[in-house]
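User: Could you walk me through this one? I'd like to start with how the helices pack and then move around a bit.

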Amino acid sequence: MTRTPNLRRIVMLHGIWMPGVSMAWLGARLAAAGFQPETFAYAGAAAGPDAVVPKLVESLRRAPAHVLAHSLGGLMTLRALQQHPDLPVRRVVCLGSPLLGSSAADGLARHAWSAPMLGRAAALLLEGCPPWQGQAQVGLIAGRTPHGLGRWFGRFDGDSDGTVAVAETRLAGLAAHAVIPASHSGLLFSAQAARMTEAFFRRGRFGD
């Protein structure tokens, strides 16, 4: 993969029930830091990876980029990079992505009234991702403030952000992993997460 110095383009993906505008606050912070963020919006629950990944691959092929992805967006991103290892993506930051599979999704899937909420994304959320062996550096920021509806459906051992357990984010092969005081949706408005994301895109680590 060609290494592009001072890479500025950032493709941002939202979570399963969130609109593209949910990434706007982080996008503004990254733009102020000199990056060029753009949102890849997709139909979360209504569109599974078979529909989303080809369009994401098309977007990522246009020019070298970093990727910032919240929740399900992280799984979609790693699926795209696994299927197309030649994509010009240097670094990926996942925010609260259940890369090892989601117990909250499993809880939703067990009830006839709630299973449809997962839509075509159910299988990906339940299965998670295999250990990361791709060229792109992947970092993950997890939250440990348990405010979220997911805690009513998932069984979390240890810390969680209220929707995703920290343990569900610890995929083998990550370049960096950090846990901060934020809820699942709060990760999208965390100044600490924004600073760490900027640092990772610049230097491949969350610290200075």
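**Helix packing and two buried residues**

Analyst: Bearing in mind that this is a predicted model, a good place to begin is a helix pair, where W25, L26, R29 and L30 in α1 meet A191, A194, R195, T197 and E198 in α6. By class, that contact of α1 with α6 is made up of 5 nonpolar, 1 polar and 3 charged residues.

User: OK, and at roughly what angle do the axes of α1 and α6 cross?

Analyst: The axis of α1, which covers residues 24-32, and the axis of α6, which covers residues 191-203, cross at roughly 50 degrees and come within 10 Å. An angle of that kind falls outside the parallel, antiparallel and perpendicular ranges, which means that α1 is oblique to α6.

User: Is the crossing of α1 and α6 left-handed or right-handed?

Analyst: The crossing of α1 and α6 is right-handed.

User: Switching topic, where does S183 lie?

Analyst: S183 lies in the loop that runs between β6, residues 176-180, and α6.

User: Buried or exposed, that S183?

Analyst: The relative accessible area of S183 is 13%, and since buried means under 20%, S183 counts as buried.

User: And what lies 3.0 Å from a polar atom of the S183 side chain?

Analyst: That is the backbone nitrogen of G186, which lies 3.0 Å from a polar atom of the side chain of S183.

User: Now G74, which helix is that in?

Analyst: G74 lies in helix α3, which spans residues 72-83, and with a relative accessibility of 0% G74 is counted as buried.

User: Which residues is G74 in contact with, leaving aside its neighbours within four places in sequence?

Analyst: With those neighbours left aside, G74 is in contact with A69, C94, S97 and L99. As for C129, the C-alpha atoms of G74 and C129 are 9.8 Å apart in space, while the two residues are separated by 55 residues in sequence.

User: Zooming out, how many helices and strands does the protein chain have?

Analyst: The secondary structure of the protein chain comes to 6 helices and 6 strands, and read along the sequence these follow the pattern β-α-β-α-β-α-β-α-α-β-β-α.

User: And what share of the residues of the chain count as buried?

Analyst: Of the 208 residues of the protein chain, 54% count as buried. On contacts, if one takes those between residues at least 6 apart in sequence, 75% of them join residues that are at least 24 apart.

Conventions. Residues numbered from 1 in each chain as written. Predicted model: local features only at pLDDT ≥ 70, side-chain atom pairs only at ≥ 80, totals over all residues. Heavy atoms only, no water. Axes fitted to C-alpha atoms, helices over the stretch in contact; angles between N-to-C directions. Helix = DSSP H or I, 4+ residues; strand = E, 2+ residues; numbered from the N terminus. Parallel < 35°, antiparallel > 145°, perpendicular 65-115°, else oblique. Left-handed = near helix turned anticlockwise from the far one by under 90°. Contact = heavy atoms within 4.5 Å. Nonpolar A, V, L, I, M, F, W, Y, C, P; charged D, E, K, R; others polar. Buried < 20%, exposed > 50% of the residue type's maximum accessible area, 1.4 Å probe, protein only. Polar contact = N/O pair within 3.5 Å; in protein donor to acceptor, adjacent residues only side chain to side chain.
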